[in-house]
Amino acid sequence: MATIQGQTMTERQKGLAACACLMAQGDLERLEPAVKMALDNGVTINELKEAFSQLYAYTGFPRSLNALGVLNKVLDNGRSSESHPSLLEDGRVVTDEGKANKQPSWQEGKSWKRPEIWDDAAKALKQGTEVQTKLSGRSFDYHFCPQDDYYLKSHLFGDIFASDQLSAADREIVTVAALSGLEGVVPQLAAHKQGAVNMGNSQELVDELCAWLDSEGYTLRSKWPKGEPNPYGKYFIGQSYLADVGGGVINVTFEPRCRNNWHIHHKAVQVLICVSGRGWYQEWGKDAVEMTPGIVIAIPAEVKHWHGAAKDSWFQHLTYHRDAQEGASNEWLEPVTDEVYNKLK
């Protein structure tokens, strides 16, 4: 069904988008909790199978199969947990705990059926051409490469789109989210953002989708340069990048879960300004402080601390020093352990 103009994204749509974006990046560590989140928020098991299958056409078979492997792992872990799930007649999977509370859990979804057009190449080509025309808003013929023209019409928009597990509108949410997570696909992303509207989503929802992926840190869309790999990487867990933006200011970019070691700035105040994504700052003996765009922290000299990205988000902050005295230096200390880091929510 076409979405209503101005409709905000549902939690189900967010679940589909998060899984698609992380699958496209091949980020299996973050994909696993995203799959659980999606299932908790109403995405069915068979819808995720369909989404990951469709995306092989955009991201390749290896990432498609890896994502399906993550989904299978999540389901296996759920089945082997103490709350043994059971399948109801309407296709819902309910845990023992869910039964006690009358709370349905993960849904299997509608049964998958082999599309009839898979047995009729001419019909697949005809139907795929119609779908492609609607999505593009016009007839599209790729004469430069007839092979790709046929694959697009007959296979992608014919064979793949023929399955009824996802609506055309949902398929474009999945595609836009996946392309948002990839680099070097700007023309395709722009085409599918318009295609998402043509297939039944409102322009407001598509804009909200892209903004949500950015704000939640699934993608890194920032006016601040990412820079080069951090030469001080041995003092970090995970990958980080540095970019000199002038005036003594450095932009530091952290991949999800990346954080620096505990350290102390002697005889100088360090200033942090979050400009993108979400991260953490923590002083020794104190609770961690969440950092989101606009948050500014001035770290007094001689205070032991660390800072870095959230588990599921890229993070960028600007940093510079002030009130530096003669002999100012930085002392790197022990890493921030997983035990400490994983407690942060």
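**Exercise 1: The lining of the largest pocket**

Work out which class of residue, nonpolar, polar or charged, makes up most of the lining of the largest pocket in this predicted model.

*Solution.*
Step 1. Sort the lining by class: you get 15 nonpolar, 7 polar and 2 charged residues. So nonpolar residues take the biggest part, given that Ala, Val, Leu, Ile, Met, Phe, Trp, Tyr, Cys and Pro count as nonpolar.

Step 2. Put a number on the space: the volume of this largest pocket is about 670 Å³.

Step 3. Now find the middle. Of the 24 lining residues, Y58, L152, F157, Q188 and H192 are the closest to the centre of the largest pocket.

Step 4. Finally, look at which elements supply two or more residues to this lining: they are α4 (56–59), α7 (121–136), α8 (146–160) and α10 (186–198).

**Exercise 2: The second largest pocket**

Find out which element gives the largest share of the lining of the second largest pocket, and describe that lining by class.

*Solution.*
Step 1. Start with the space, which is about 370 Å³ in the second largest pocket.

Step 2. Pick out the residues at the middle: among the 19 that line the second largest pocket, Y232, Q270, T319, H321 and W332 are the closest to its centre.

Step 3. List the elements that give two or more residues here, namely β6 (249–254), β8 (263–266), β14 (315–322) and β15 (329–332). The largest share comes from β14, with 4 residues.

Step 4. Sort by class again: this time there are 8 nonpolar, 11 polar and no charged residues.

**Exercise 3: Zooming in on Q270**

Decide whether Q270 is buried or exposed, then say which side chain it makes a polar contact with.

*Solution.*
Step 1. Locate Q270 in strand β9 (residues 269–277).

Step 2. Check the relative accessible area, which is 5% for Q270. Buried means under 20%, so Q270 is buried.

Step 3. Look for a polar partner: the side chains of Q270 and H305 make a polar contact at 3.4 Å.

Step 4. Widen the view to other contacts, skipping neighbours within four places in sequence. Q270 is then in contact with several histidines, including H263, H265, H305 and H307, and also with residues such as I297 and T319.

**Exercise 4: Two nonpolar cores**

Say how many residues the largest nonpolar core has, and which helix gives the most to it.

*Solution.*
Step 1. Count the members: the largest nonpolar core has 52 residues. Those with the most contacts inside this core are C19, L31, V35, L39, L48, F52 and L213.

Step 2. Find the main contributor, which is helix α1 (residues 11–25), with 9 residues.

Step 3. Follow one member outward. Apart from neighbours within four places in sequence, C19 is in contact with L31, A34, V35, A38, L48 and F52.

Step 4. Don't stop there: a second, separate core has 13 residues, among them F236, L272, C274 and I297.

Step 5. Recall a general idea that goes with this: in soluble globular proteins, nonpolar side chains tend to be buried together.

**Exercise 5: Two positive phi angles**

Find out where K267 lies and how accessible K267 is, then do the same for E302.

*Solution.*
Step 1. Remember the background: most residues other than glycine have a negative phi.

Step 2. Take K267, which isn't a glycine yet has a positive phi of about 60 degrees. K267 is found in the loop between β8 and β9. With a relative accessible area of 37%, K267 is partly exposed.

Step 3. Now take E302, another non-glycine residue with a positive phi, near 70 degrees. E302 sits in the loop between β12 (296–299) and β13 (305–309). Its relative accessibility of 44% makes E302 partly exposed.

**Exercise 6: Strand residues**

Is S240 buried or exposed, and which residues does S240 touch?

*Solution.*
Step 1. Place S240 in strand β5 (residues 240–246).

Step 2. Read off its relative accessibility, 1%, so S240 counts as buried.

Step 3. Leave out residues up to four places away in sequence, and S240 touches E228, P229, N230, T253, F254 and C258.

Step 4. For contrast, try I250 in strand β6. At 26% relative accessibility, I250 counts as partly exposed.

How values were computed: Residues are numbered from 1 along each chain as its sequence is written. This is a predicted model: local features need pLDDT of at least 70, side-chain atom pairs count only at pLDDT 80 or more; totals for chains, interfaces and linings use all residues. Side-chain values use heavy atoms; hydrogens and water are left out. On a 1 Å grid over the protein atoms alone, a cavity is a set of points where a 1.4 Å probe fits but cannot get out, and a pocket is an open set with protein on both sides within 12 Å along at least five of seven lines; lining residues have an atom within 4 Å of a point. Grid points are joined across faces, edges and corners, and a volume is the space filled by probe spheres set on the points. A nonpolar core is a set of buried Ala, Val, Leu, Ile, Met, Phe, Trp, Tyr and Cys residues joined through side-chain atoms within 4.5 Å. Buried means under 20% relative accessible area, exposed over 50%, partly exposed in between (1.4 Å probe, protein chains only). Contact means heavy atoms within 4.5 Å. A polar contact is a pair of N or O atoms within 3.5 Å; within protein, one must be able to donate a hydrogen and the other to accept it, and residues adjacent in sequence count only if both atoms are side-chain atoms.
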